[in-house]
Amino acid sequence: MMKYNLRLFEGGKKMNEESKIIKEIMSECLDGSVNPWEINAEMDIIDELHLDSIVFIQFIIMIEERFEIIVPEEVLNYSVYSKYDELENMIIGLIGGSQMI
């Protein structure tokens, strides 16, 4: 996993650790074509991040392993998330709701 020594900011405030890790994982899944600090809430995950179904599954597997959660099947359709923040909010909700393994 790529490690970035960054301070990530969203909306003028320091981003929480989970958000930072999620962006690092997304960047890694995209083979570093997008730096984590370049990913913003309004980015279109298909048109701007070029996320496809294979990359999405790889991303979800890495999220499950990193946060020790299970992502339910009903949220595994990447086409329902148009913006990055929708995807990140779903993951943070699972982390906070402790869908633990």
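This note sets out numbered points on the fold, the helices, the core and some single residues of a predicted model.

1. Basis of the values. The model is predicted, so local features are taken only at pLDDT of at least 70 and side-chain atom pairs only at pLDDT 80 or more, while totals for chains, interfaces and linings use all residues. Residues are numbered from 1 along each chain as its sequence is written, and side-chain values use heavy atoms, with hydrogens and water left out.

2. Overall fold. The protein has three helices and two strands, and their order along the sequence is β-β-α-α-α. Helices (H or I, at least four residues) and strands (E, at least two) are DSSP runs, numbered from the N terminus. Contact here means heavy atoms within 4.5 Å. Among the contacts with a separation of 6 or more, 66% join residues 24 or more positions apart.

3. Burial and surface. Of the 101 residues in the protein, 44% are buried. Buried means under 20% relative accessible area, exposed means over 50%, and partly exposed lies in between (1.4 Å probe, protein chains only). The accessible surface comes to about 5900 Å², and 49% of that surface belongs to carbon and sulfur atoms. These areas come from the Shrake-Rupley method with a 1.4 Å probe; for residues, only the protein chains shown count as cover.

4. Helix H2, length and start. The 15 residues of helix H2 (residues 53-67) should span 21 Å at 1.5 Å a residue, and the end C-alpha atoms are indeed 21 Å apart. The expected span of a helix is 1.5 Å times one less than its number of residues. Aspartate 52 caps the N-terminal end of H2, with a side-chain oxygen 3.1 Å from the backbone nitrogen of isoleucine 54. This is a polar contact, that is, a pair of N or O atoms within 3.5 Å; within protein, one must be able to donate a hydrogen and the other to accept it, and residues adjacent in sequence count only if both atoms are side-chain atoms.

5. Helix H2, two faces. The buried residues of H2 are Val55, Phe56, Phe59, Ile60, Met62, Ile63 and Phe67. Seen down the axis of H2, these residues fall within an arc of 165 degrees, so they line one face of the helix. The arc is that of the directions from the helix axis to the C-beta atoms. The face turned away from the buried side carries the exposed residues Ile54 and Glu65. The buried residues of H2 pack against helix H1 (17-29) and helix H3 (84-96).

6. Helix H3. H3 has 13 residues and reaches 18 Å from its first C-alpha to its last, close to the 18 Å expected at 1.5 Å a residue. Its buried residues are Tyr84, Leu87, Glu88, Met90, Ile91, Leu94 and Ile95. They cover an arc of only 155 degrees around the axis, which puts them on the same side of H3. The buried residues of H3 pack against H1 and H2.

7. Nonpolar core. A nonpolar core is a set of buried Ala, Val, Leu, Ile, Met, Phe, Trp, Tyr and Cys residues joined through side-chain atoms within 4.5 Å. The largest such core has 29 residues, of which Phe59 and Leu87 touch the most other members. H1, H2 and H3 are the elements that give two or more residues to this core, and the largest share, seven residues, comes from H2. Leaving aside neighbours within four places in sequence, leucine 87 is in contact with Met26, Leu51, Phe56, Phe59 and Tyr81.

8. Two buried residues. Serine 19 is in helix H1 and counts as buried at 5% relative accessibility. Beyond residues up to four places away in sequence, serine 19 touches Glu88 and Ile92. Methionine 43 is in the loop between H1 and H2 and also counts as buried, at 10% relative accessibility. Methionine 43 and lysine 83 are 40 residues apart in sequence, yet 5.4 Å apart in space, C-alpha to C-alpha. With the same sequence neighbours left out, methionine 43 touches Glu38, Glu48, Leu49, Ser82, Lys83 and Tyr84.

9. Positive phi angles. Most residues other than glycine have a negative phi. Aspartate 31 has a positive phi, near 55 degrees; this residue lies in the loop between H1 and H2 and is exposed, with a relative accessible area of 70%. Glutamate 68, likewise not a glycine, has a positive phi of about 50 degrees. Glutamate 68 comes just after H2, in the loop between H2 and H3.
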